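User: Could you take a close look at the nonpolar core here and at the buried loop residues? I'd like one connected walk-through.

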Amino acid sequence: MPKVKYYRHQPMEGFIMLNRRSFLKVAAVTSAGLYAFPSKAFNGFEKLTILHTNDMHCHFEPFSENDAKFAGRGGMNRISAYVKQLRKIDPELLLLDCGDYFQGTPYYNFFKGEVAIKLMSEMGYDAVTIGNHEFDSGLEALKKALGFASFPVLSSNYDFSKTVMDGVTQKNLIIEKKGIRIGFYAIGIELQGLVGKTLSGATEYHNPIDIALEQEEYLRNNQQCDMIICLSHLGYKYDTPKTSDLTLAKSTHFTDVILGGHTHTFLEAPVEILNADKQSVVINQVGWAALMLGQLEFYFEQKKKTILDLSKNKRVG
Ligand SMILES: [Zn+2]
């Protein structure tokens with residue numbers, strides 16, 4: 001299936017067409033922050049907006065004005081307000097999170113994960129996955145907090161069947177928006193060395209690449225998804241042989257997008273990597289502490305043979 005992808009890297013630099021390795025500037029942006037792609041180019045196209053976060057770490061409010069690095073910036077409240085605005089324009093957008101919403105501020109120490117999950121439910125997340133910090137108060141506490149979730153929690157490679165978390169998560173998810181069938185799976189990081197055995201209990205860990213290949217095959221060939229998205233908490237990149245979003249992307253065949261977390265990587269724009277069949281996979285990650293919101297815009301031809309995307313990361317505050 002041939003794909004053409006369009007990226008917008010910086011609001012003032014214009015739109016850049018990215019077709020494998022050849023770059024071509026196709027349009028200019030008229031004013032800061034406004035989408036100004038020639039409307040004619042999108043006749044017959046359906047737009048799918050994907051917003052995503054990672055490693056919010058209970059930062060409900062902005063950093064204090066005394067903070068040395070991020071004074072007054074960030075916060076889930078701000079992201080929430082921005083998402084609300086965007087939903088008025090596009091009620092069918094997707095909001096996703098890649099884990100580590102727990103731990104990081106006194107809110108976690110007092111309320112464990114409950115407040116984070118309630119706030120994320122209010123924000124209307126469509127799906128989230130589990131990061132290593134979600135285990136920080138043990139499986140009972142995780143289950144209790146997730147009981148307040150109004151969204152599905154995905155995990156394809158943690159096997160919770162011998163724990164109290166059995167049945168709380170699901171391996172994959174299919175959401176249909178604007179006639180586009182979107183398949184999701186989620187890959188978590190190896191717990192050994194990160195999470196104590198007393199906290200993770202009898203959770204079994206399965207190889208991220210094996211599970212990703214199994215899930216993407218199922219979503220594409222059994223479920224006929226038009227687009228496949230992986231919610232990952234593997235981390236963007238390592239200097240060691242440890243599996244990352246980059247190595248995962250290179251091994252896949254059908255995954256279109258990998259949204260990541262864990263390494264707190266601030267990508268200025270999504271990155272494109274070639275998969276095992278030399279087709280492109282879009283990878284994105286937006287730092288931590290709700291300082292940024294990932295904003296991907298894909299344009300689907302009505303015949304669904306072409307996916308285009310216009311993507312940017314939004315600094316919040
Ligand atoms: Zn993490």
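Analyst: Here's a tour of the core, followed by two loop positions. Keep in mind that this is a predicted model.

Let's start with the core. The largest nonpolar core has 70 residues, and strand β16, residues 292-301, gives the most to it, with six residues. The residues with the most contacts inside this core are Leu96, Met120, Phe184, Ile229, Cys230, Leu231 and Ile258. Take Cys230 from that list: leaving out residues up to four places away in sequence, Cys230 touches Tyr185, Ala186, Ile187, Ala212, Thr255 and Ile258.

Now for the loops. Gln285 sits in the loop between β15 (280-284) and β16. Gln285 counts as buried because 29 other C-beta atoms lie within 10 Å, and 20 or more is the cut-off. Setting aside neighbours within four places in sequence, its contacts are Asn54, Tyr236, Gly260, Gly261, Thr265 and Leu267. Asn313 is 28 residues apart from Gln285 along the chain, with 8.8 Å between their C-alpha atoms.

The other loop position is Ile189, found between β10 (180-187) and α5 (197-200). Ile189 is buried too, with 27 other C-beta atoms within 10 Å. Not counting residues up to four places away in sequence, Ile189 touches Asn132, Leu194, His233, Leu234, Gly235 and His262. As for Pro208, that residue is 19 residues apart from Ile189 in sequence, and the C-alpha to C-alpha separation is 7.9 Å.

How values were computed. Residues numbered from 1 in each chain as written. Predicted model: local features only at pLDDT ≥ 70, side-chain atom pairs only at ≥ 80, totals over all residues. Core = buried A, V, L, I, M, F, W, Y, C linked by C-beta atoms within 7 Å. Buried ≥ 20, exposed ≤ 12 C-beta atoms within 10 Å, placed from the backbone. Helix = DSSP H or I, 4+ residues; strand = E, 2+ residues; numbered from the N terminus. Contact = placed C-beta atoms within 7 Å.
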